[in-house]
Amino acid sequence: MGFGEFDSDANTSAATGPTQSAKIVVAGGFGVGKTTLVGAVSEIDPLTTEAVMTEASVSVDDTTATPNKTTTTVAMDFGRLTLGDDLVLYVFGTPGQHRFWFMWDDLAVGAIGAVVLVDTRRLADAFPSIDFFENRKLPYIVAINCFDRLLHHQIEDVRQALTISESVPIIACDARERESAKQVLITVVEHAINRDRELQPG
């Protein structure tokens, strides 16, 4: 499963047991809200690699659906979330543009699962992430980012449009809200655990 164990505090009572850690990757198209989700859910100041978009990107990055976007992730985002007393999630956001896809393999190493964040205005942008995780057999969920707090398409319609298996959870979220982003990560952990159990012999 890739869960790690470490002693989070030398003074922690042995009765509480060791803390487990897990890595989750957040992927999706350009401007879909990956940096926002990592920042919303992280309990530490998130590490971001945002760079100001310049005229050089005008013909490369399609900002039609996100006209107010002025920065872009050029390496990764990183945040941390503690769940309960014994699980720490390390969250890595991938860059969305095609020219940075070579980083995805490194970012996915050791991950227990992934989120494909989707903007229903640009569903086709989700296919590279879906293909990437399916090819590597990494459990993933699809999270529909409701930019204006509205779910414009039914979840099953999105599943059909993306040709996603019934076994893959699809949920709606608001990447700006901590509790919503937290539920996305919890869903990934639950899905990864269920997948792991299914693969166990017997």
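The protein chain of this predicted model contains 5 helices and 9 strands. Followed along the sequence, these elements are arranged in the order β-β-α-β-β-β-β-α-β-α-β-α-β-α, a pattern that opens with two strands and ends with a helix. Of the 202 residues in the protein chain, 45% are buried. Among the contacts in the protein chain with a separation of 6 or more, 71% are accounted for by residues lying 24 or more positions apart.

The packing of two helices was examined in detail. Two packed helices are described by the angle between their axes and by the distance between the axes. For helix α1, which spans residues 34–41, and helix α5, which spans residues 178–199, the angle is about 100° and the axes are 8 Å apart. Because angles of 65 to 115 degrees count as roughly perpendicular, α1 is roughly perpendicular to α5. On the side of α1, the contact is made by Leu 37, Ala 40 and Val 41, while α5 contributes Arg 178, Ala 181, Lys 182 and Leu 185. In terms of residue character, the contact of α1 with α5 comprises 5 nonpolar and 2 charged residues, with no polar residue.

Helix α5 also holds Ser 180. The relative accessibility of Ser 180 is 18%, and this residue therefore counts as buried, given that the term applies under 20%. When residues up to four places away in sequence are not counted, Ser 180 touches Cys 173 and Asp 174.

A contrasting level of accessibility applies to Glu 156, which is found in helix α4, a helix made up of residues 155–162. Because its relative accessibility is 41%, Glu 156 counts as partly exposed, a class that lies between the limits of 20% and 50%. Glu 156 and Glu 166 are separated by 10 residues in sequence, and the distance between them in space, taken from C-alpha to C-alpha, is 9.3 Å.

With respect to internal space, the count comes to 1 cavity of 30 Å³ or more, and the largest cavity has a volume of about 40 Å³. The lining of the largest cavity is formed by Gly 28, Gly 29 and Val 32, together with Leu 117, Val 118, Asp 119, Arg 122, Asp 125 and Ala 126. These lining residues divide into 4 nonpolar, 2 polar and 3 charged, with Asp 119, Arg 122 and Asp 125 among the residues that line the largest cavity.

Technical notes: Residues are numbered from 1 along each chain as its sequence is written. This is a predicted model: local features need pLDDT of at least 70, side-chain atom pairs count only at pLDDT 80 or more; totals for chains, interfaces and linings use all residues. Side-chain values use heavy atoms; hydrogens and water are left out. Axes are lines fitted to C-alpha atoms, for helices over the stretch in contact, and angles run from 0 to 180 degrees between N-to-C directions. Helices (H or I, at least four residues) and strands (E, at least two) are DSSP runs, numbered from the N terminus. Angles under 35 degrees count as roughly parallel, over 145 as roughly antiparallel, 65 to 115 as roughly perpendicular and the rest as oblique. Contact means heavy atoms within 4.5 Å. Ala, Val, Leu, Ile, Met, Phe, Trp, Tyr, Cys and Pro count as nonpolar, Asp, Glu, Lys and Arg as charged, and the others, Gly among them, as polar. Buried means under 20% relative accessible area, exposed over 50%, partly exposed in between (1.4 Å probe, protein chains only). On a 1 Å grid over the protein atoms alone, a cavity is a set of points where a 1.4 Å probe fits but cannot get out, and a pocket is an open set with protein on both sides within 12 Å along at least five of seven lines; lining residues have an atom within 4 Å of a point. Grid points are joined across faces, edges and corners, and a volume is the space filled by probe spheres set on the points.
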